[in-house]
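Q: Please take a close look at a single part of this structure. Walk me through that part step by step.

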Amino acid sequence: MKKKLLAVALTIFMALCLIACGNNKKDFEENDVEEAGVEEIETAAEEAEATGEEPVVVEVEYQLLRMDSAFHGGIAWAYIEDNANISRHVLINKDLQVVYELPDGMVAGDIFDGKAVVIHENQLSDSGFMILGADGSVLYECSDNLGDISEEYRDIYVNLTKDGSTVYRKIENGLTGLTYVCILNDKFETVAQMEIDKEKFQDFPIYPDTRYFYLSDGVYCATAPWGKLYYIINTKDNTIVMDEGFAESSTFGICWDMDRCVGVTTVIGYPYGSEYCIATEAENIDYSQITDAETLRNLIESQNKIKNDMAEDFIDHIDYIFKHNFINYVSNFDSGISYLEGFTLPDFGAELEGFGISTEGKYAMLCLKGADSKSYYTVINRDGQSLYDPVPSEHLSGFDVGVFGGYILGETGAGITPDGKEFKLGDGTVLSGIGEDFIGWSDSGDIMISDGYICMNDMLYRVDGTEVTTVKGIREAGADSAMNTEPGDEDADADFAW
């Protein structure tokens, strides 16, 4: 209540100062401001409008309720709360200022490389989407119908890709109701509009919750939210290649991180008996020659970095993780890690029960099971040299951790510094070296570091460990809220960015 009165007082002060400007009146005392009424604000606004003056505006402070994405290109989606306990869904910049507030009838969409998507919630009555810049201005507006949002498939994805393109699904109104995949270049010019054959795809999802990624020059892919590859879009010859029947014994998938698609995988033998994974990077490979599922599998097998003798062993359930276009590891659930690309694994005389790779691929975090049943942690470089001897930690757990520039950080905020000392976010430990240009992504995707901030458990921290609890905004005096959505309202939640 005190903050609300202070905001009102500041508004009144600015309004009355504008009226008094030029009359050489004495400055208002704080008590005079607090006793002034709302009618004076309205009068000031009316007089300003009548005289053509600028509207009365005031800087306000909002409580940060939770993050809806990490920062990417200097902006992020967030939920904030004003002094009237009204929740707002907004776009903020890395200076912690609100640059855009979602109006009623709009939902937050994808965010990538300094651009953000805003989608009309009811595509039947108000179709299309907008793309915002880092300052909240509208860069592009489209009126294409993206399709109805059903209860089962509520989310609509208009994806911004790593080559600067925009990919989305379009439904043609009218008698035919044809479905297209549309691709815009970085200038928002239409590069391709390809029809999706409904009869051919009748057993495969072409729903709004399909996500789109850049694969290689002129080639994109459509995937399920959990990574299942649906089809490949080739703009060079205007073709769409569907994963038809998974070649009876294969299924394809996509791996991604904050830089989007980083690899294509295939699981062979699934679901008929033993299975093993083969994977290849996304970029620097020509996917334009793919004509069917079999040629895709052949391409992956010819380009993969996993040794053939491993694949021939039919190891039961091999797992894999990508980071920036190279395979991090292949592991057998029963016998631990069997392959770690580019790293020499030292022998510490203990079982290796977990690990992670830094985003840039410079460091690996190793989790070792000690004879005392405690978990010991260390960080090694690619030559296998450890930054410090393994240290025990009761605050970290298996794969719920990430390694960032030599630091280990867990989802609870606990971590270990590059010199082997335990810390907790907020205890004064500064994560030096992880600054403005650093992008970090844990294997689980639950810890993201970018633009000098750590986004974890939907909360925001600076790299010095302090939690961000407020953001700034500019509002016109007396202006009403553009939306009144409580956090957790499922009908108003955004498509969470990655």
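A: What follows is a close look at one small sheet, then a short look at a helix and a loop residue for context. The model is a predicted one.

Start with the sheet. Four strands form an open sheet in the order β27-β28-β29-β30. Their pairing is antiparallel. β27 (401–404) and β30 (422–424) are the edge strands. Each has a single partner strand, so one side of each has no neighbour in the sheet. From one strand to the next, the twist averages 25°. Strands of a sheet pair through backbone hydrogen bonds, either parallel or antiparallel.

Now look inside the sheet. Strand β28 covers residues 407–410, and strand β29 covers residues 414–416. These two pair in the antiparallel sense over two bridges. L409 stands opposite G415 in β29.

Next, the helix. Helix α4 spans residues 293–303. Its buried residues are A293, L296, R297, L299 and I300. Seen down the axis of α4, they fall within an arc of 160°, so they line one face of the helix. At the start of α4, a side-chain oxygen of D292 comes to within 3.1 Å of the backbone nitrogen of E294.

Last, the loop residue. Q123 sits in the loop between β6 (115–120) and β7 (129–132). Q123 has a relative accessible area of 3%. Buried means under 20%, so Q123 counts as buried. Its side chain has a polar atom 2.7 Å from the backbone oxygen of H120. A polar atom of the Q123 side chain also lies 2.9 Å from the backbone nitrogen of G128. Beyond its neighbours within four places in sequence, Q123 contacts residues including D144, N145 and I156.

Terms used. Residues numbered from 1 in each chain as written. Predicted model: local features only at pLDDT ≥ 70, side-chain atom pairs only at ≥ 80, totals over all residues. Heavy atoms only, no water. Pairing = 2+ DSSP bridges. Axes fitted to C-alpha atoms, helices over the stretch in contact; angles between N-to-C directions. Buried < 20%, exposed > 50% of the residue type's maximum accessible area, 1.4 Å probe, protein only. Arc of directions from axis to C-beta. Polar contact = N/O pair within 3.5 Å; in protein donor to acceptor, adjacent residues only side chain to side chain. Contact = heavy atoms within 4.5 Å.
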